[in-house]
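Visitor: I am new to this structure and would like a close look at one part of it. Please take me through the side of one chain that meets the other, and then through the chain behind that side.

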Amino acid sequence: MSTDPAEADRAESRAVDWRPGADLAALRLRAGLLAEVRAFFAERGVLEVETPLLGATGTTDLHIESLWLRDGAATFYLQSSPEHAMKRLLAAGSGPIYQLTRAFRAGEVGRLHNREFTILEWYRPGFDLDALMDETEALLARLMGERPRRRTSLREALVAATGIDPLVDDDTALRERCRPLVGDVADGLDRDDCIDLLLSHVVQPALGAGIVTVRGFPASRAAQARLAADDSRVAARFEVFVDGVEVGNAYHELIDAAEMAARFAADRAERARRGRPDVPADDRLVAALDHGLPDCCGIAMGFDRLVMLAAGANDLDSVCTFHGARA
Amino acid sequence: MATYSTNEFKSGLKLMMDGDPFSIIENEFVKPGKGQAFNRVKLRNLKTGRVIERTFKSGESVEAADVVEVPMQYLYNDGEAWYFMHEESFEQYPADKNVVGDAANWLKEQDVCDIMLWNGSPIGVSPPNFVVLKITETDPGVRGDTASGATKPATVETGAVVKVPLFVDEGELIKIDTRTGEYVSRVKE
């Protein structure tokens, strides 16, 4: 056994895992995809923009917790998406815009999540959801090659995979369908939780290969989407999946300032009821909507997941430099 | 009561569920786009060895299990229990057949094993990866046959039966990999 102290130090530094999760091929793939995204939007006349990572407010969304920091007495929220800032640009007359930036979400770390990730977000004035679906599918095909495409609704997918109709069946039926999956945890689930559980545990694995868009999420999960014109039980939203992995979330954007202010207030009241941290409402976003947000659709995509799928990998760690505990 | 929040979940963490201690094998964080997050977890029941899957709402807390692994010296078997001694406190811990399980095949007096204690009581015994045991019974050795690869059964001092090469003889010591139960080599006394 060696007693050389330098050798002992070297042995110790070998024991510390300092290496990146991604290999050189993954780094090159990522760089190539970033360039491809920029070329795609340049060809279509969509302007690249940058907005701050630190904002005076964060999201009030019940299922997203913000990370925040202090500068002197001021609190800044690390943005969970560039949504609010980009809508203020749209209201100021930017026209179609996209952004590739970092977004932050507390507590989200796993095979397909990280508290810090690269987000691709873009907005299209004048587009409806069908037009945005076309563009989303075109971008995905460009980044990872042609794949089978399928469009469905949450209702159709849930009925097919679980026998549950989210628009008709009562809360008891939903809970009983969840019980075999989670046991007594089912008793603590509300209607939306049950739908989320069935979606992640049963529907998603059954979506199959290729690009699948799913529309018709419940109105209670509208977030900042308007409600569907023909059915107020559902939001004008879609999610897009590649090989069963969720990669994007799109809205026909809510443009009604009063409704936006009311949703912020409802989120904050529900946060207070559940004992969750309060987040100030974004008055500047409400003011921008009051001034006038053009009728538009927008979508946010998890760029790291796109790299993962293009690489044929099945965890983010292998396509990110320093994922999770490596950071 | 110590608890773990789901965001502390990782493999190896010991939890109490339905009155039994469990160890996390795999933890998957799942979260639909705008919805409730869940932790989908594979766990091993440390008493029965059975593996189950369980889903928790993210943010929930779960009671921690007081489970530790302690190296102890195996002392003797009195026909009902196997006795192990803590190497520092010299305290003795009896473990019955259910707890010792297949490890009984490889327990030799004075060998040091890892004993899993739950609330201070043994619930599992891991023998050393390699043990040296004496052959008490086998067919006579075939001299010089070191190449054919053929084997024969041999009973060792613990009563376990191991496949050994034909040239190995009664009374010899052999090294065994306890994880596979396979013969590794002859050992000179």
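Guide: What follows goes from the interface to the chain behind it, and then to a few single residues. The model is a predicted one, and every value below is computed from it.

Start with the contact between the two chains. On chain B, 14 residues take part, and they are in contact with 27 residues of chain A. The size of an interface is often given as the accessible area lost when the parts come together. Here chain B and chain A bury about 1,900 Å² between them, and carbon and sulfur atoms account for 53% of that area. Three residues stand out on the chain B side: Phe29(B), Lys31(B) and Lys34(B) supply 37% of the area that chain B buries against chain A, more than any other three residues.

Side chains of opposite charge can pair when their charged atoms come close. Across the interface of chain B and chain A there are 3 salt bridges. One of the residues just named, Lys31(B), meets Glu108(A) in a salt bridge, with 3.4 Å from N to O. Lys31(B) is thus named twice: among the three residues that supply 37% of the area buried by chain B, and in this salt bridge with Glu108(A). Polar contacts also cross the interface of chain B and chain A, where 7 residue pairs are found, both residues being at pLDDT 80 or more.

Which strands of chain B each supply at least two residues of the side that touches chain A? They are strand E3 (20-30), strand E4 (38-45) and strand E5 (51-57). E3(B) gives the most to this side, with 3 residues. Sorted by class, the side of chain B that touches chain A has 4 nonpolar, 4 polar and 6 charged residues.

Now the chain behind that side. Chain B contains 1 helix and 16 strands. The radius of gyration of chain B is 22 Å, whereas a compact globule of 189 residues would have one near 16 Å. Along the principal axes, the C-alpha atoms of chain B fill a box of roughly 75 × 40 × 25 Å. Of the 189 residues of chain B, 44% count as buried. As for contacts in chain B between residues at least 6 apart in sequence, 45% of them join residues at least 24 apart.

One loop of chain B can be looked at residue by residue. Thr178(B) lies in the loop between strand E15 (173-177) and strand E16 (182-187) of chain B. Is Thr178(B) buried or exposed? Thr178(B) counts as buried because its relative accessibility is 12%, under the 20% cut-off. Leaving out residues up to four places away in sequence, Thr178(B) touches Trp106(B), Pro127(B), Pro128(B), Asn129(B) and Val131(B). With one of these, Pro128(B), there is a polar contact: the side chain of Thr178(B) reaches the backbone oxygen of Pro128(B) at 2.7 Å.

Two further residues to look at are Asp177(B) and Arg179(B), which form a salt bridge with their closest N and O atoms 3.1 Å apart. Asp177(B) counts as buried, at 13% relative accessibility, whereas Arg179(B) counts as exposed, at 54%.

For comparison, chain A offers salt bridges of its own; the structure holds 44 over all chains. Glu146(A) and Arg149(A) meet through their side chains in one of them, at 3.2 Å from N to O. Glu146(A) counts as exposed at 62% relative accessibility, and Arg149(A) is partly exposed at 40%. Both belong to a network of salt bridges that also links Asp130(A), Asp134(A), Glu137(A), Arg151(A) and Arg215(A). Another salt bridge joins the side chains of Arg179(A) and Asp184(A), at 3.6 Å from N to O. Arg179(A) counts as partly exposed at 25% relative accessibility, while Asp184(A) is exposed at 62%.

The last stop is His252(A), found in strand E12 (residues 245-252) of chain A. His252(A) is buried, with a relative accessible area of 13%. Beyond its neighbours within four places in sequence, His252(A) is in contact with several residues, among them Phe127(A), Leu129(A), Cys296(A) and Asp295(A). The side chains of His252(A) and Asp295(A) are joined by a polar contact of 3.0 Å.

Terms used
Residues numbered from 1 in each chain as written. Chains lettered and ligands numbered in written order. Predicted model: local features only at pLDDT ≥ 70, side-chain atom pairs only at ≥ 80, totals over all residues. Heavy atoms only, no water. Contact = heavy atoms within 4.5 Å. Buried area = accessible area lost by both parts, 1.4 Å probe. Salt bridge = Lys/Arg side-chain N within 4 Å of Asp/Glu carboxyl O. Polar contact = N/O pair within 3.5 Å; in protein donor to acceptor, adjacent residues only side chain to side chain. Helix = DSSP H or I, 4+ residues; strand = E, 2+ residues; numbered from the N terminus. Nonpolar A, V, L, I, M, F, W, Y, C, P; charged D, E, K, R; others polar. Rg over C-alpha atoms; globule rule 2.2 N^0.38 Å. Buried < 20%, exposed > 50% of the residue type's maximum accessible area, 1.4 Å probe, protein only.
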